[in-house]
Amino acid sequence: MPNDSTTRGYPLPHPDNVARDDAQRIRDAITAISEDLEGMGIEPASETEIGGVRLATAAEATAGATQAAVPVVKRVMDMITSAATALHTTIVGQYGAAITSAINDLKGGVEPAYDTLVEIAAKLTDMTQINAILDSLAKRLRIDTAAQGLDATSQANGRANLGLGNIAIANGVVLADLRSATGQGVLTTDIMWQATQFKNYGASGAGTVQIDCTQGSRWTVTLTGNVVVSLNNPKDGQVVDVVFIQDPTGSRTVGWNSNIRFPDNIVPSVYAGAGAIAVVVSAEYHAGVGAWIAAGWKVW
């Protein structure tokens with residue numbers, strides 16, 4: 001029959017044994033274990049006792065009661081408290097100022113209302129402030145679009161701030177305004193060239209030829225009778241050129257208003273040939289003397 005046992009000599013049952021035999025073996029093992037326990041003097045454990053050692057409750061450890069184990073627990077607690085206090089003193093003493101300085105550097109002198117992450121987060125999510133910023137940005141003059149949508153006041157301010165004034169939205173000068181020196185607008189090259197063209201006065205008839213200088217500065221007049229020329233409504237410094245052409249009859253004469261002055265008070269001769277250029281006159285108006293200073297040429 002197998003006769004197994006533990007390292008302490010307690011008999012063990014075995015699958016090959018007869019149950020009657022193993023029952024006795026089990027009885028003997030339990031008896032031996034009980035005797036060993038009694039010899040060791042170990043009592044059943046309670047909430048505050050393990051064997052023969054009395055442990056302190058949490059309240060007793062905090063109060064420092066004088067039970068057998070309490071002085072040991074109390075000393076451990078005192079050591080931990082002392083170490084924690086020393087560590088705090090060391091950190092504050094050696095590193096407190098450096099930590100405070102580092103925190104202040106991180107804040108960068110920001111006003112107290114924004115020196116914490118909570119305050120910064122609140123400000124970043126404040127849509128009132130964000131919308132105000134976006135609205136302000138939207139009113140800045142853009143160069144990436146031709147349709148920014150600024151109102152009339154913002155557009156006027158933009159032109160003024162760029163030094164453009166109303167010229168930026170002025171229409172092109174029309175020929176009549178350029179000739180009469182009236183109105184405002186942008187001067188284009190085609191209008192400038194049109195202004196240099198001769199304006200056809202048409203047939204002169206007999207009597208006074210009234211040339212309105214607000215309608216142009218260069219004129220062509222067909223002589224169909226004897227005339228006296230008057231240059232009306234001039235601007236100071238305006239130069240007027242007039243070309244006179246004889247009609248098919250020819251021999252028409254040309255006289256001049258008294259405020260049109262020629263060198264040595266000698267009026268230019270007139271070519272009488274039919275259909276020919278009779279005379280060309282160029283005159284500049286001087287408002288200070290109220291007269292035209294003129295020069296004329298007979299052409300044939």
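**Questions on a predicted model**

Q: Which word describes Arg-218: buried, partly exposed or exposed?
A: In this predicted model, Arg-218 has a relative accessible area of 28%. Buried means under 20% and exposed means over 50%. Because the value for Arg-218 falls in between, this residue is partly exposed.

Q: With which side chain does Arg-218 meet in a salt bridge?
A: The N to O distance of this salt bridge is 3.6 Å. The pair links distant parts of the chain, 23 residues apart, with Arg-218 in strand β5 (residues 218-223) and the partner in strand β7 (residues 239-246). The partner has 18% relative accessibility and therefore counts as buried. The side chain that meets Arg-218 is that of Asp-241.

Q: What distance separates the C-alpha atoms of Gln-197 and Arg-218?
A: Gln-197 is found in the loop between α8 (189-196) and β3 (199-203), and its 45% relative accessibility makes it partly exposed. Gln-197 and Arg-218 are 21 residues apart along the chain. Their C-alpha atoms are separated by 6.7 Å.

Q: Which side chain meets Arg-252 in a salt bridge?
A: The count of salt bridges comes to 2, and one of them involves Arg-252, with an N to O distance of 2.8 Å. The partner has a relative accessible area of 8%, so it is buried. That partner is Asp-247.

Q: How many helices and strands does the protein chain have?
A: The protein chain has 300 residues, of which buried residues make up 20%. Among contacts with a separation of 6 or more, 36% are between residues 24 or more positions apart. The secondary structure of this chain comes to 8 helices and 11 strands.

Q: Which are the edge strands of the open sheet of 6 strands?
A: The order of this sheet is β3-β5-β7-β10-β11-β9, with mixed pairing. An edge strand pairs on one side only. The edge strands are β3 and β9.

Q: What is the bridge partner of Val-280 in β11?
A: Strand β10 covers residues 277-286 and strand β11 covers residues 291-298. The two strands pair in the antiparallel sense over 8 bridges. Within β11, Val-280 is matched with Trp-297.

Q: In which sense, parallel or antiparallel, do β4 and β6 pair?
A: Strands of a sheet pair through backbone hydrogen bonds, in one of these two senses. β4 and β6 are joined over 6 bridges, and Ile-211 has Leu-231 in β6 as its bridge partner. The sense of the pairing between β4 and β6 is parallel.

Q: How many bridges join β6 to β8?
A: β6 and β8 run parallel. Val-228 has Gly-255 in β8 as its bridge partner. The number of bridges that join β6 to β8 is 3.

Q: Which element gives the most residues to the largest nonpolar core?
A: This core has 23 residues, and those that touch the most other members include Ile-211, Leu-231, Phe-244 and Trp-292. The elements that give two or more residues to the core are β4 (207-212), β5, β6 (227-232), β7, β8 (254-256), β10 and β11. With 5 residues, the element that gives the most is β10.

Q: Which residues from 259 to 261 does Trp-292 touch?
A: Residues up to four places away in sequence are not counted here. Among the residues that Trp-292 touches are Cys-213, Leu-231, Pro-234 and Ala-283. From the stretch asked about, Trp-292 touches Asn-259, Ile-260 and Arg-261.

Q: What is the area of the nonpolar surface patch that includes Ile-99?
A: Ile-99 lies in helix α3 (residues 70-107) and is partly exposed, with a relative accessible area of 44%. The patch is made by Leu-87, Ile-91, Tyr-95, Ile-99 and Ile-103. Its area is about 470 Å².

Q: What value is phi of Asn-233 near?
A: Asn-233 belongs to the loop between β6 and β7. At 48% relative accessibility, Asn-233 counts as partly exposed. Its phi is positive, in a residue other than glycine, and is near 55°.

Q: Which word describes Asp-264: buried or exposed?
A: Asp-264 sits in the loop between β9 and β10, and its phi is near 60°, a positive value in a residue other than glycine. The relative accessible area of Asp-264 is 71%, so this residue is exposed.

Key:
Residues numbered from 1 in each chain as written. Predicted model: local features only at pLDDT ≥ 70, side-chain atom pairs only at ≥ 80, totals over all residues. Heavy atoms only, no water. Helix = DSSP H or I, 4+ residues; strand = E, 2+ residues; numbered from the N terminus. Buried < 20%, exposed > 50% of the residue type's maximum accessible area, 1.4 Å probe, protein only. Pairing = 2+ DSSP bridges. Salt bridge = Lys/Arg side-chain N within 4 Å of Asp/Glu carboxyl O. Core = buried A, V, L, I, M, F, W, Y, C linked by side-chain atoms within 4.5 Å. Contact = heavy atoms within 4.5 Å. Patch = residues over 30% accessible without salt bridge, like charges linked within 9 Å, V, L, I, M, F, W, Y side chains within 5 Å. Areas by Shrake-Rupley, 256 points an atom, 1.4 Å probe, with all protein chains shown as cover.
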